Amino acid sequence: MLHSQSSRAGTILLLLAAVIGVAVALYAWLTPLTGVTDTIGALGVAIASAVLAVLTLMLRAASGRGARIFLIIVTLVVLIGIGFAAALLHQYIITAAMVVGLIGLIMLSSKPVHQNTRVRA
């Protein structure tokens with residue numbers, strides 16, 4: 001299946017945002033004196049960032065219009081949620097990564113949907 005350059009770049013940006021989110025949240029969760037050591041918020045952001053990576057791969061593979069719209073909306077909600085939670089945890093690197101992820105989602109959602117056309121005889 002051929003994908004456009006913007007779709008590939010959007011996938012890379014979203015995956016990069018997810019990896020940064022997991023890495024920084026786990027660092028903040030494990031490292032003493034970060035202010036969020038051993039808190040459920042930091043662990044939640046790390047798990048949600050891992051879910052974001054899975055949603056990105058699902059969105060990349062989705063072919064139906066309804067499934068793509070659903071996954072785009074869910075991914076958008078997850079991006080906003082992670083960014084807000086990271087801002088509350090004072091982990092602004094994660095919030096900035098989610099803004100980059102939002103740009104990637106916009107690029108990925110501009111991919112045209114391949115529709116199966118049926119011919120009536």
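How are α1 and α2 oriented to each other, roughly parallel or roughly antiparallel? The two helices pack at an angle of about 165°, so α1 and α2 are roughly antiparallel (over 145 degrees; under 35 would be roughly parallel). The model is predicted: local features need pLDDT of at least 70, side-chain atom pairs count only at pLDDT 80 or more, and totals for chains, interfaces and linings use all residues. Residues are numbered from 1 along each chain as its sequence is written, and side-chain values use heavy atoms, with hydrogens and water left out.

**Helix α2**
- Helix α2 (residues 40-61) has 22 residues and spans 32 Å from first C-alpha to last, close to the 32 Å expected at 1.5 Å a residue (1.5 Å times one less than the number of residues).
- Among the buried residues (under 20% relative accessible area, 1.4 Å probe, protein chains only) of α2 are Ala42, Val45, Ser49, Leu52 and Leu59.
- The cover over the buried residues of α2 includes α1 (5-30), α3 (65-88) and α4.

**α1 with α2**
- The axes of α1 and α2 lie 8 Å apart.
- The contact (heavy atoms within 4.5 Å) involves residues including Leu14, Ala18 and Trp29 of α1 and Ala46, Ala53 and Arg60 of α2.
- The residues of this α1 and α2 contact divide into 15 nonpolar, five polar and two charged.

**α2 with α4**
- Helices α2 and α4 (residues 92-109) pack at about 15°, with axes 12 Å apart.
- At that angle α2 and α4 are therefore roughly parallel.
- Val45, Ser49, Leu52 and Leu59 of α2 meet Ile94, Met98, Leu105 and Leu108 of α4.
- The residues of the contact of α2 with α4 comprise seven nonpolar, one polar and no charged.

Terms used:
Axes fitted to C-alpha atoms, helices over the stretch in contact; angles between N-to-C directions. Helix = DSSP H or I, 4+ residues; strand = E, 2+ residues; numbered from the N terminus. Parallel < 35°, antiparallel > 145°, perpendicular 65-115°, else oblique. Nonpolar A, V, L, I, M, F, W, Y, C, P; charged D, E, K, R; others polar. Buried < 20%, exposed > 50% of the residue type's maximum accessible area, 1.4 Å probe, protein only.
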